[in-house]
Amino acid sequence: MCQAIVKPAGVTIPKATLKRAWQSNQDGAGFCYVDKTGQAVVIKKGFFKFKAFWHAYQKHCDKSMLIHFRWATHGERVAENCHPFMLAKDAALIHNGILSGFTPTAQSKLSDTRVFCEGYLVPGMHFSQLDSYSYFSSPALMGFIESLIGTSNKLAVMTTKGTVIFNEAQGEWNNGAWYSAGYPEDYYNDALARYYARSKYFNNTGLQGEDTWLDDMMCEEPKNKPLTGNLSWDDIDEFDDEENEPCEV
């Protein structure tokens, strides 16, 4: 259920690590950082191919960032449902888990995280009249939010004054970065586990692929074999500026 990453400034995350995170969560990626003025958080999201994500990420990889790779459980697979979500000009959020108390209706195109942000966090911030960092770093609010979402959900909020992690102990720090779903381990084992976890999801959404797709992923030079039905491995990796234009906020 997604991978949310907190990367402090100066920390380097290897491309292979990010690709392993992507390979398990291919329903859209995004990241955010504080702009040069230090007054606003910039969001870049809506990447549905790893090369598109990497192309944009490299330009800002020296900065403090929130990074997210989505595994869709609620809401459409569209750029607007990708993380991070803007909470205010100076704050953005990423999430890992399922917010059972905020699941959208069956007819809704929103994700549970969007419902939580737009229907709960943003109004609360406005009502408090506090700046974003003071609001989210308040011990009272942190305790309340963590009790509300439960230990299976992890949140990270970037503000222009610092980043706050909810249920931090449920994630893992590794080489200077925090991973909500644990550090992405060996590609083969990770992909194998994801194959079994996602097989029912693929079938229910019409993305029926051949059982051999995992073997194709392990090959050094896969040859256009189907990964999830209509998509080939080359389709996943191909980068095109026009077709993969990210959603900027």
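Buried here means under 20% relative accessible area. The model discussed is predicted.

Q: How many of the eight residues of helix 2 are buried, and which are they?
A: Helix 2 spans 50-57. Its buried members are F50, A52, F53, W54, A56 and Y57. The helix is therefore largely enclosed by the rest of the structure, and the number of buried residues is six.

Q: Which element gives the most to the largest nonpolar core?
A: The largest nonpolar core has 23 residues, and L18, F31, F53, Y57, I67 and F69 touch the most other members. Helix 1 (15-24), strand 2 (29-34), strand 3 (41-47), helix 2 (50-57), strand 4 (65-69) and strand 10 (177-179) each supply at least two residues of this core. With six residues, the element that gives the most is helix 2.

Q: How many residues are in the other core that lies apart from the largest one?
A: In soluble globular proteins, nonpolar side chains tend to be buried together. Here a further core lies apart from the largest one, and its members include F85, L121, V122 and V164. Its residue count is 20.

Q: How many of the seven residues of strand 3 are buried?
A: Strand 3 runs over 41-47 and supplies at least two residues of the largest nonpolar core. The strand is largely enclosed by the rest of the structure, because the buried count is seven of seven.

Q: In strand 3, which residue is the bridge partner of Y33?
A: Strand 2 and strand 3 run antiparallel and are joined by six bridges. They form a hairpin with six residues between the strands, where G38 takes a positive phi near 75°. The bridge partner of Y33 in strand 3 is V42.

Q: Which strands stand at the edges of the open sheet with the order 5-6-7-8?
A: This sheet has four strands with antiparallel pairing. Neighbouring strands are turned by 25° against each other on average, direction ignored. An edge strand has a single partner strand, so one side of it is left without a neighbour in the sheet; the strands placed this way are strand 5 (85-88) and strand 8 (162-166).

Q: Which residue in strand 7 stands opposite A92?
A: Strand 6 (residues 91-96) and strand 7 (residues 154-159) run antiparallel, with six bridges joining them. Opposite A92, in strand 7, stands M158.

Q: What is the volume of the largest cavity?
A: The whole structure holds two cavities of 30 Å³ or more. The largest is lined by C2, R70, W71, A72, T73, H74, H83, H95, G97, S111, D112 and T113. By class, this lining has three nonpolar, seven polar and two charged residues. The volume is about 70 Å³.

Q: How many charged residues does the lining of the second largest cavity have?
A: The second largest cavity has a volume of about 30 Å³. V11, T12, I13, P14, T17, N174, N175, A177, Y179 and Y183 line it. Six of these residues are nonpolar and four are polar, so the number of charged residues is none.

Q: How far apart in space are T17 and Y183, C-alpha to C-alpha?
A: T17 lies in helix 1 and is buried, with a relative accessible area of 2%. Both T17 and Y183 are among the residues that line the second largest cavity. They are 166 residues apart in sequence, while their separation in space, C-alpha to C-alpha, is 8.2 Å.

Methods
Residues are numbered from 1 along each chain as its sequence is written. This is a predicted model: local features need pLDDT of at least 70, side-chain atom pairs count only at pLDDT 80 or more; totals for chains, interfaces and linings use all residues. Side-chain values use heavy atoms; hydrogens and water are left out. On a 1 Å grid over the protein atoms alone, a cavity is a set of points where a 1.4 Å probe fits but cannot get out, and a pocket is an open set with protein on both sides within 12 Å along at least five of seven lines; lining residues have an atom within 4 Å of a point. Grid points are joined across faces, edges and corners, and a volume is the space filled by probe spheres set on the points. A nonpolar core is a set of buried Ala, Val, Leu, Ile, Met, Phe, Trp, Tyr and Cys residues joined through side-chain atoms within 4.5 Å. Buried means under 20% relative accessible area, exposed over 50%, partly exposed in between (1.4 Å probe, protein chains only). Two strands pair if DSSP finds at least two bridges between them. Axes are lines fitted to C-alpha atoms, for helices over the stretch in contact, and angles run from 0 to 180 degrees between N-to-C directions.
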